[in-house]
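This report looks at aromatic side chains, at how they pair with one another and at how charged groups are placed over them.

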Amino acid sequence: MEPATHGLRESATFDRATIHAIQRAAETGIYDIRGWGAKRKLPHFDDLLLLGASMSRYPLEGYRERCDTDVVLGARHAKNPLHLATPVTIAGMSFGALSAQAKEALGRGASEAGTSTTTGDGGMTPEERGHSKHLVYQYLPSRYGMNPDDLRAADAIEVVLGQGAKPGGGGMLLGQKVTERVAGMRTLPVGVDQRSACRHPDWTGPDDLAIKILELREITDWEKPIYVKVGATRTYYDVKLAVHAGADVVVVDGMQGGTAATQDVFIEHVGIPTLAALPQAVQALQELGVHREVQLVVSGGIRSGADMAKALALGADAVAIGTAALIALGDNHPKYDAEYRQLGSAAGYFDDYQDGRDPAGISTQDEELAARLDPVDAGRRLANFLRVMTMEAQTLARACGKAHLLHLEPEDLVALTIESAAMARVPLAGTNWIPGAGL
Ligand SMILES: Cc1cc2nc3c(=O)[nH]c(=O)nc-3n(C[C@H](O)[C@H](O)[C@H](O)COP(=O)(O)O)c2cc1C
């Protein structure tokens with residue numbers, strides 16, 4: 001019997017996933033930990049549309065007229081800013097959460113597409129350094145894998161204050177992934193759960209952060225751009241403080257942002273959507289007179305060239321991707337469906353990155369599983385995906401009459417819903433109404 005066709009009605013409040021969550025909690029007595037980002041429906045870039053040109057605007061010819069894509073990140077203070085061929089970068093994902101092969105593949109794919117990749121909680125591996133043309137080195141509250149030699153070996157430094165999936169929370173790597181190599185890099189015992197700090201021990205506020213950033217500049221001879229990454233919450237204030245502390249680049253990671261592992265309750269209930277954070281960040285930069293001088297990188301649920309084009313139109317200088325990059329490498333591929341099912345999941349649903357049993361060889365430290373991922377092949381898939389994202393964004397930008405992706409502007413956008421209009425601060429389609437504007 002199909003319940004729905006027999007008049008049985010599912011509760012919107014106690015839907016099947018909720019019932020299952022209660023049953024799971026009652027049986028186990030522990031909260032749910034998982035990877036990936038928020039799964040609830042949130043206002044997002046899908047709720048915006050671009051206004052292509054017609055009579056009042058002049059479009060550019062698809063295959064004949066240029067639409068440039070290059071972007072420079074970190075020129076505010078650094079001697080060697082990053083010159084990227086496309087404004088989509090690979091977000092920080094740790095070796096530990098990911099296999100060495102996956103890290104290498106991210107470096108290969110990003111380099112082939114002319115963009116940067118980022119280390120993560122756990123330090124820099126020789127594989128990723130060797131295969132990444134532009135490597136951003138994360139400086140995290142945990143300080144795992146932190147050493148001045150790696151700082152100097154990096155092309156930029158990202159001070160991580162938070163992530164969109166868990167603003168206010170620390171790192172988590174469960175014991176099954178803390179192998180000898182991972183433990184060695186993090187100075188931890190093998191096989192024991194790691195729960196790392198939610199705030200940096202080196203400073204207590206923005207004034208101290210300014211000192212820390214100065215220290216990082218001194219160590220690296222003022223060569224490398226310094227990024228500051230925040231999870232999206234009080235974004236307007238956080239961005240202003242990050243700029244005051246001396247950031248060359250601010251990274252804002254919205255609530256849809258992925259994670260390797262944290263409590264489900266955290267992922268679904270803390271932070272604000274990427275769409276809501278972005279205009280706040282742009283406003284903060286504009287008020288300080290540094291919009292475009294301090295670059296804004298936005299992440300959290302970016303999946304396509306359309307998302308990228310819309311984020312750029314709202315004022316971002318670049319976007320960063322995590323989950324989409326893993327999918328491009330081969331994560332959640334249908335060919336592993338039977339194995340995902342053996343783990344109690346299915347292809348398209350596998351979010352148990354913390355388990356370390358990823359059949360795709362990506363979110364695992366199991367040597368046999370990791371060996372399934374060919375870094376060359378996976379890197380090529382990622383490069384293809386990055387190229388497609390870039391071409392999609394160019395297609396949209398040309399249609400809006402723009403000869404560079406960064407020429408896209410809020411004026412090119414309208415919103416489909418009142419919520420997204422209010423958050424993105426663009427008019428509801430067919431009107432000139434921006435809810436909340438002028439308040
Ligand atoms: C497997 C995985 C591991 C991650 N590890 C880190 C990390 O070590 N440090 C960090 O700042 N963010 C980490 N993140 C978050 C990403 O840097 C990024 O903010 C997020 O994935 C962007 O959202 P998206 O996945 O929707 O693209 C991780 C994300 C994933 C999916």
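## Charges over rings

In this predicted model, the charged end of Arg181 lies over the ring of Phe95, at 4.7 Å from the ring centre. A similar description applies to Trp36, whose ring has the charged end of Lys39 sitting over it, 5.2 Å from its centre.

## Aromatic pairs

A pair of aromatic rings is described by the distance of the centres and the angle of the planes. The count of aromatic pairs comes to 4. One of them joins Tyr236 and Tyr237, whose ring centres are 5.0 Å apart and whose planes stand at 80°, so this pair is edge-to-face, given that an angle over 60 degrees is assigned to that class.

With regard to solvent, Tyr236 has a relative accessibility of 18% and therefore counts as buried, the limit being under 20%, whereas Tyr237, with a relative accessible area of 54%, is exposed.

## The ring cluster

Tyr336 and Tyr340 also form a pair, with their ring centres 6.5 Å apart and their planes at 90°, so that the arrangement is again edge-to-face. Tyr336 has a relative accessible area of 12% and is buried, and Tyr340, at 0% relative accessibility, likewise counts as buried.

Which residues do ring pairs link into a cluster? The cluster consists of Tyr336, Tyr340, Phe350 and Tyr353, which are linked through ring pairs, and it thus includes the edge-to-face pair of Tyr336 and Tyr340.

Terms used:
Residues are numbered from 1 along each chain as its sequence is written. This is a predicted model: local features need pLDDT of at least 70, side-chain atom pairs count only at pLDDT 80 or more; totals for chains, interfaces and linings use all residues. Side-chain values use heavy atoms; hydrogens and water are left out. Rings of Phe, Tyr and Trp (its six-membered ring) pair if their centres lie within 6.5 Å; planes under 30 degrees apart count as stacked, over 60 as edge-to-face and the rest as tilted. Buried means under 20% relative accessible area, exposed over 50%, partly exposed in between (1.4 Å probe, protein chains only). A charge sits over a ring if NZ of Lys or CZ of Arg is within 6 Å of the ring centre and within 35 degrees of the ring normal.
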